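This report describes enclosed spaces, an open pocket and two helices in one protein model. The structure is shown first, and the description follows.

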Amino acid sequence: MIKFIFLSLLLFIDIKAQSSMNFVGDIMLGRRYYCTNANSYSSNNQDLEDNLCLMPDGFCDNFGSPGIIPTCGTNILFEGVKSYFQNSDFINVGNLESVVTLDTSTPHLGYDSCKIVFHSCPEIIPELVDVNFSFLNLGNNHVLDYLSTGIISTNLYLNNAGIAYGGSGLDSLSACAPSLMALDNGLKIYFLSSSSVNGEDEGDLCEPLSTAGENSPGFCEMSEISINNQMSLLSSDQDSALIVYQMHTGYEYSFEPENRLGLDYEYDPFLNTLSDRTIEMAHYAVDAGADIVVQHHPHVIQGLEFYNNKLIAHSLGNFIFDQNFPETWSSLILNADFNENGFIDYKAIPIYLNYYLPQIATGNLGNYILDFLSMKSRKLGTFLKVDRESNIANLVYDEPFYSFSKDTTLILEQDENGGFISKPIRLDKNFHIQEIFSSEDIDYRLGREIIWMGDFDFNPPVDSCVNKSTYYWNMRTSEIDSSIFWNGNSSVKMVRNPLNTDNALVDNYYCYPLVNQPEEISVRGYIKTENSNDTRIGVRFYESRCNGIIETQYTSDIDGTTDWSEHYKNIIVPENSRYIDLRMVSFPNDSLESIAYFDNVGVIEWEEWNLDQVLYPNDYYYYQIKSSSNIVNITLNEKSYYFSEQFSIGDNNFDGSIDVIDIILIINISIDIYTPSNEEFVASDANQDGSVNILDIIELVNIIIGNDI
């Protein structure tokens, strides 16, 4: 049973002992969860807000059709992740990005010029309880959407539900106050929060000044002074308690943390500079005593950073939110085990917002998300080991340690400049490319896949009540087919006939940003046809989100009946291109029904040729070779966290038994008397943590004792 007791500034929660904490990103359950086309720029947006919780007949007029909540109810909202969060060992922590209120009479003062206000209705509170949230951060830029009314109402609803909260208040004293969670084993956990997203003072006319003052409501200001003041309240407990610090900061839709100070405030996913205030403040909080720092606000995934033996999560993305930008639909759960000494183990579980509903991401989609996180974290000096079978990434303390070389001979195609070039060649993602070399004259480049749903295999069950308009693909008259596919378990089936002259195109929903602004991309995929006419895969470039068409390019047309075959086209990115959509298209045959199947389609974003430094682990999925010769021999040097050969862990002399001789070899390796081969190292690494030391000796002793028993 959870109980709340107010002790001066501390919110005190008495809860049973737990050993693991889940952190998730932004939570907002208003707006499009009620009306499918609701937006924050309509002149009558407040009419929608006023009727949101009442849902009278016709309340979605001019805002699309009724959304998930009025159509399906609220119990569907967390169905895809509920089983994970209901584990009794977990303390679940999120960022509640909207106030919970029935009273919408006081929209913030910026409402007259910009309509970005939203709220969640009280009916979502039981679902937050059911999914087992223990603590919700309220210190964010939407805390004043309905001024003091919204803050007071939200606090009351969370209090009544037994969910702890912090980060905002009716004055700076309450907004900056720590919240204390006391476990029944005596361990104390303090939650602290602050925000830098402060509306008008940073050029954002859509939001009010949100920093709480001595007599004014809002969130706790993110500054060195605030952090010092917050920590001073805990001075006697800092060494014996865990301190969780949450920061609402950064720049929306930026995939890497960056400095927003001095910039004109606008939504822009193309700012990727790593020199930033958010990193500085996270470091400051760690140096001041925080055991973990979790940041939110960008709505997209950013990297994890291990700093001074403490983890910083710069953005976990949206956990459940109604934004219709596809890049906001990938998310993460950060799981952190802890004991009385601090946080001791970390792993990332990928999430995907399927029709705005969070689902555990599996298969290739899950690995794409984790590889993306791994690369972003690697740029921050932090290493993630992706388990491609379980779709979980663990934080480790070293780069991949097993080395592999693969020799191959390539036959290249003639290019338009008189030289020769290979097709895009897929890398084995059980390994991470380190370099490619040859005794012959070659250039090579590496590329990442930016369209993550191109195998059409991630199709979790969705209740028929859910409006299917928000999906990664605009399917139009096509459909997912689970009987014919190139690989995996599904493809897209497009059927045309002489009377079917409508636009049967399949393309990305609401376009996708070219975040890294590459000079060249490749569009590629597999196609199978029956009586087809001009079947092809292409990409369209835009100046802005699905607006300002620049040009469209396609692979070569396919006619007639063909088996599965790969098709691609290298494309120089036109000037001023910022967004793309990937397009699959075919046309009616003059007399016969035609069918086209598409599978494993995508867009490769290429790095420059002969990259000076290749980081690993990385998110490169393809490489391409060019040369003056049409046949070249190359060697791929790769790294991996996993050894590819099968043998018994512990049997490092490979004699078929695990005994004291194996322990002696581990001792010699751990004290640097003996340098092991790859095979000897991995067999000696009994606990599989990437190092050979006394822990492996203990593990091996336990194995030997177990065998004797």
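## Cavities, a pocket and two helices

The largest cavity in this structure holds about 220 Å³ of space. The model is a predicted one. Lining this cavity are 18 residues, and those closest to its centre are Phe372, Arg448, Ile450, Asn516 and Asp619. Two or more lining residues come from each of helix 9, strand 28 (442–449) and strand 33 (512–513). Helix 9 gives the largest share, 5 residues.

In total, 6 cavities of 30 Å³ or more are counted. The second largest has about 100 Å³ of space. Its lining is made up of 13 residues, with Pro326, Glu327, Ser330, Trp452 and Tyr512 the closest to the centre.

The largest pocket has a volume of about 440 Å³. Of its 15 lining residues, Asp415, Glu416, Ile421, Glu520 and Asn570 are the closest to its centre. Strand 24 (413–414) and strand 36 (558–572) each supply at least two residues of this lining, and strand 36 has the largest share, with 5 residues.

The table sets out the three linings by residue class.

| Space | Nonpolar | Polar | Charged |
|---|---|---|---|
| Largest cavity | 10 residues | 1 residue | 7 residues |
| Second largest cavity | 11 residues | 1 residue | 1 residue |
| Largest pocket | 5 residues | 3 residues | 7 residues |

Helix 9, which contributes 5 residues to the lining of the largest cavity, covers residues 363–378. How far apart should the ends of this helix be, at 1.5 Å a residue? Its 16 residues should span 22 Å, and the end C-alpha atoms are 22 Å apart, so the expected span and the model agree. Helix 9 is also mostly covered, with 14 of its 16 residues buried.

Helix 10 comprises residues 660–670, and its buried residues include Asp662, Ile663, Leu665, Ile666 and Ile669. Viewed down the helix axis, the buried residues of helix 10 fall within an arc of 160°, so they line one face of the helix. An α-helix has 3.6 residues a turn, so residues three or four places apart point the same way.

Both ends of helix 10 can be described further. At its start, a side-chain oxygen of Asp659 comes to within 3.1 Å of the backbone nitrogen of Ile661. After the helix comes Asp672, which has a positive phi, near 65°.

How values were computed. Residues numbered from 1 in each chain as written. Predicted model: local features only at pLDDT ≥ 70, side-chain atom pairs only at ≥ 80, totals over all residues. Heavy atoms only, no water. Helix = DSSP H or I, 4+ residues; strand = E, 2+ residues; numbered from the N terminus. Expected span 1.5 Å × (residues − 1). Buried < 20%, exposed > 50% of the residue type's maximum accessible area, 1.4 Å probe, protein only. 1 Å grid on protein atoms, 1.4 Å probe; cavity = no way out; pocket = protein on both sides within 12 Å on 5 of 7 lines; lining within 4 Å. Points joined across faces, edges and corners; volume = space filled by probe spheres on them. Nonpolar A, V, L, I, M, F, W, Y, C, P; charged D, E, K, R; others polar. Arc of directions from axis to C-beta. Polar contact = N/O pair within 3.5 Å; in protein donor to acceptor, adjacent residues only side chain to side chain.
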